[in-house]
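Please open the model in a viewer and keep the selection tool at hand. The tour below proceeds from one selection to the next.

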Amino acid sequence: MDASSEHQEIILILDFGSQYAQLLAQRVRENQTYSEIIPCETTAEEIANRSPIGLILSGGPSSVYDPKAPKIDPNVYKLGVPILGVCYGMQLTCKEFGAMVEPAIRREYGPAELVVNASESVSPLFEGVSLKSQVWMSHGDQATRLPSDFTALASTSTCPNAAVACESARFYGIQFHPEVTHTVEGGKIIANFVSKICKSSRDWTMKNFVATAIEKIRAQVGKERVICGLSGGVDSAVAAALISRAVGSQLTCIFVDNGMMRKNEIESVAKVFRANFDVNLVIADAEDRFLTALAGVDDPQRKRKIIGKTFIDVFSEEAKKIDGARFLAQGTIYPDVIESGGKKGGQAATIKYHHNVGGLPDELEFELVEPLRELFKGDVRRVGLELGLPENLVWRHPFPGPGLAVRCLGSVTKETLDLLREADAIVVDEIVKANLYRETSQAFAVLLPTRSVGVMGDGRTYENAIAVRCVSTTDFMTADWSRLPYEVLAKISARIINEVKGVNRVVYDISSKPPATIEWE
């Protein structure tokens, strides 16, 4: 049985290549309703077998008149469930019902003022929404001449049919993108579709998810042993906590200490798990082994490959010491499934590749336990809080798999890592003190492969430079540098120079992604 069929209520999102499809799913889930993204070519029969309470047709980059444009099974419109078409999804459906779709006189990309038609009673889609509000447009085509059974619900200065409805077909179309934050009241519009039009009972809560997940883990694992590679990141920590709640001492977590973690990271994670969960925690001290393998290597790609291979070797050796282990737990989340083209099910497949670890040897045959594979990052954080994990662990910023090695530019030594570790801790400490940790998406220090002249006291110095990198983003595909207050930057700089021996200069990275990346290596 498909895992998603276990959800009593589901809203399916048919993806036409939209860069915002995941945001649509997240917005639906924020309304305590399970949502899943499926290919646009999914047949009406397959959709009917899922018994959705609603469908959302996403946007996409194509024109509906392009011969290669993605299409939909026309029988989808005969299923009798409410449909919300967004941008391309609206245009495709309008064309299917006989409307004219043609290039707009003036394309709309960016903010626009939406005016809701209030000449008659307001549609349930716009209930509680301001009659005038900002929306985010991204289109060149638009629906023009509408069929007689269609009603125009809203307009902009250049798009007279910015929102439409066909009550007989239970179809609602919007030319703008309600899922992005630039559409100021987009959340209300999606909430209206979920609650007022699809009549969701909104009972998909993290408390219910945890209870169901525990039952599924117990049914899958039985009395067998489970191992989990604990990295200190949010996904693996929440997966381990959930499995521990389900099977207790049957779980063994392996934390590989590669010597490249943040300051006090291993100790803090170990303290949380040993204090709150019935878990066997193995900490493999492999710092010397990693540093020996990295000696003299300054190319970032080589560093990553060496760290990945060494991790696999250490993890494999520790895993073999656990008698009777049949299952490997990993913190796979829904974006991983989407991006890999994977589908639900198959959790019991023999593992040949582990996306967190980098590829375990063939002879290590485990069945996968992936309790978070239905969840987005925000869902995972809420599960963590539901399980009692502390907020500083649940909301911690992402950390690269190779650790500080890719923030220590050039060759890596214990001395350079220790220096960087202290500087990085100061950056995070000051961001937390300024109540900006949740306002930034990542904040860290980078040790630059250069030294500069400075003056301390009456003497000349020739020491290291540290770059501070703080970014804000929603999806990590794009990111902008965080506009931190000058006084916070001044404190960070002063503390690093005064407290970290060997540093006499601090710079702030004001590059966006793209063209830069978030990490320096």
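Which residue in β14 stands opposite A329? Select V369 in β14: A329 stands opposite this residue. The model is predicted, so local features need pLDDT of at least 70 and side-chain atom pairs count only at pLDDT 80 or more, while totals for chains, interfaces and linings use all residues. Residues are numbered from 1 along each chain as its sequence is written, and side-chain values use heavy atoms, with hydrogens and water left out.

Next, select β13 (residues 325-329), which runs parallel to β14 and is joined to it by three bridges. Strands here are DSSP runs (E, at least two residues), as are helices (H or I, at least four), numbered from the N terminus; two strands pair if DSSP finds at least two bridges between them.

Extend the selection to the open sheet of five strands, with parallel pairing in the order β12-β11-β10-β13-β14. At its edges, β12 (280-285) and β14 (367-369) each pair on one side only.

Now add the helices. Helix α5 (residues 206-221) lies across β10 (225-229), β13 and β14, at about 165° to β14. Helix α7 (residues 265-276) lies across β11 (251-257) and β12, at about 165° to β12. Angles run from 0 to 180 degrees between N-to-C directions, with axes fitted to C-alpha atoms, for helices over the stretch in contact (heavy atoms within 4.5 Å).

Finally, select F273, which touches L230, A237, A240, A241, V279 and L393, not counting residues up to four places away in sequence.
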